[in-house]
Amino acid sequence: PKLVAEHKGNGKPTFSFEYFVPKTAQGVQNLYDRMDRMNQLGPQFIDITWNAGGRLSNLTCEMVNVAQSVYGIETCMHLTCTGMPKSKVDNALKEAYKAGCTNILALRGDPPRENEKWEADPHGFHYAKDLVKYIKANYGNHFDIHVAGYPEGCDDGTDPELLLEHLKEKVDAGASSIITQMFYDVDIFLDWVNKCRDIGITVPIIPGIMPIHTYAAFMRRATWTKCHIPEKWLHLLEPVKNDDVAVRDIGRDLMVELCQKIIDAGILHLHFYTMNLATATRMCLEGLGIIPSLEQRTKALPFRPSLGLNR
Ligand code: FAD
């Protein structure tokens with residue numbers, strides 16, 4: 001089943017949530033509780049990250065299983081090449097298959113530890129595109145495969161034209177949508193979407209939205225992803241940086257403005273990096289007025305098998 005299909009017109013915007021795998025058993029239990037509550041907001045799907053190096057990979061599979069079969073919500077499993085010989089990739093895919101998962105975000109992966117250069121596993125894959133091809137070759141159309149896109153470049157890919165070419169290769173290998181890295185400058189994102197379209201990328205592009213939790217986290221994430229912060233944002237947020245409530249309120253207004261511009265451009269699905277926290281994401285959705293009513297959500301159930309927007 002397609003996670004999303006981009007379409008222009010009067011369709012109702014939808015959204016999804018990303019969660020990362022906590023490091024402790026207690027953290028996992030807390031996250032299940034939070035996921036359960038956040039499911040009430042009506043996400044179209046959720047996704048669970050894959051830990052670089054595969055250290056917590058069993059946990060990713062387990063969480064995908066619980067989300068998919070206990071909470072009954074369409075769940076996309078991230079899968080990386082980092083530290084993953086083919087045998088481990090095979091196991092992960094088998095687990096996902098057994099859990100009823102039909103969506104994989106295929107990634108090259110971060111290096112195992114910060115600041116380390118990325119190296120391919122001698123028995124694994126080099127690029128996300130190789131993983132896409134492998135999944136296609138072994139599972140046909142069972143999995144809908146998604147890939148990552150970078151409106152402002154990624155760590156070791158600073159040439160924007162080359163990155164676009166590599167993105168196109170990933171899509172041509174069989175990906176059916178692109179989820180982007182976070183950004184704060186919506187004009188850069190929309191411009192990049194046009195560039196993707198210009199080179200013949202036609203699959204849906206799903207913007208990755210990072211709500212603002214605190215000023216420190218906002219700055220840290222912008223630095224980490226090297227994304228441009230519009231002057232206006234700094235001007236509004238910097239003076240209140242020690243007041244978390246004010247940062248969240250102003251942050252909500254800025255994120256709502258950013259998301260609305262995306263929706264107005266005809267991109268009707270927003271993917272939230274929740275950072276496993278509910279408040280900032282919920283505030284943003286409330287500000288946009290796109291949380292479906294209980295009635296709409298009940299009608300939409302069961303979430304599976306098809307989550308396509310083209311209804
Ligand atoms: P690729 O598309 O394989 O690209 C990696 C680099 O190789 C790029 O510089 C690209 O230009 C270059 N390249 C590609 N093809 C070629 C070629 N044919 N010749 C030469 N160079 C080439 N990381 C995790 O570890 N776990 C996660 O769960 C995770 N989730 C993510 C979710 C999203 C939405 C995003 C945007 C990123 C996520 N990441 C995650 C981070 C990601 O793994 C890293 O940014 C990684 O460095 C790049 O991954 P990729 O899949 O884009 O790689």
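At what angle do the axes of helix α9 and helix α10 cross? In this predicted model, the axes of helix α9 (residues 244–264) and helix α10 (residues 279–288) cross at roughly 55° and come within 9 Å. An angle of roughly 55° makes α9 oblique to α10, and the crossing in which α9 passes α10 is right-handed.

On the α9 side, the contact is made by R248, G251, R252, M255, V256, C259 and Q260. Helix α10 contributes A280, M283, C284, G287 and L288. Sorted by class, this contact of α9 with α10 comprises 7 nonpolar, 3 polar and 2 charged residues.

A second helix pair is formed by α2 (residues 57–70) and α3 (residues 86–99), with axes that come within 9 Å and cross at roughly 15°. Because angles under 35 degrees count as roughly parallel, α2 is described as roughly parallel to α3. The crossing of α2 and α3 is right-handed. From α2, the residues S57, C61, V64, N65, Q68 and S69 take part in the contact, and from α3 the residues A92, E95, A96 and A99. By class, the contact of α2 with α3 holds 5 nonpolar, 4 polar and 1 charged residues.

The two helix pairs are set out below.

| Helix pair | Axes come within | Crossing angle | Handedness |
|---|---|---|---|
| α2 and α3 | 9 Å | roughly 15° | right-handed |
| α9 and α10 | 9 Å | roughly 55° | right-handed |

The strands form another part of the picture. Eight of them, in the order β1-β2-β3-β4-β5-β6-β7-β8, make a closed barrel with parallel pairing. On average, neighbouring strands of this sheet are turned by 30° against each other, direction ignored. Strands of a sheet pair through backbone hydrogen bonds, either parallel or antiparallel. One pair in the barrel is that of strand β4 (residues 103–107) with strand β5 (residues 144–149), which runs in the parallel sense over 3 bridges. Within this pair, N103 has D144 in β5 as its bridge partner.

How far the model may be relied upon is indicated by the predictor's own scores. The mean pLDDT of the protein is 90, and 90% of its residues reach 70 or more. Over residues 301–311, however, the pLDDT is below 50; beyond near neighbours in sequence, this stretch has 26 contacts in the model. For the complex, the predictor gives an ipTM of 0.99 and a pTM of 0.94.

Note on methods. Residues are numbered from 1 along each chain as its sequence is written. This is a predicted model: local features need pLDDT of at least 70, side-chain atom pairs count only at pLDDT 80 or more; totals for chains, interfaces and linings use all residues. pLDDT is the predictor's confidence in each residue, from 0 to 100. Two residues are in contact if their C-beta atoms, placed from the backbone, lie within 7 Å. Axes are lines fitted to C-alpha atoms, for helices over the stretch in contact, and angles run from 0 to 180 degrees between N-to-C directions. Helices (H or I, at least four residues) and strands (E, at least two) are DSSP runs, numbered from the N terminus. Angles under 35 degrees count as roughly parallel, over 145 as roughly antiparallel, 65 to 115 as roughly perpendicular and the rest as oblique. A crossing is left-handed if the near helix is turned anticlockwise from the far one by less than a right angle, and right-handed if clockwise. Ala, Val, Leu, Ile, Met, Phe, Trp, Tyr, Cys and Pro count as nonpolar, Asp, Glu, Lys and Arg as charged, and the others, Gly among them, as polar. Two strands pair if DSSP finds at least two bridges between them.
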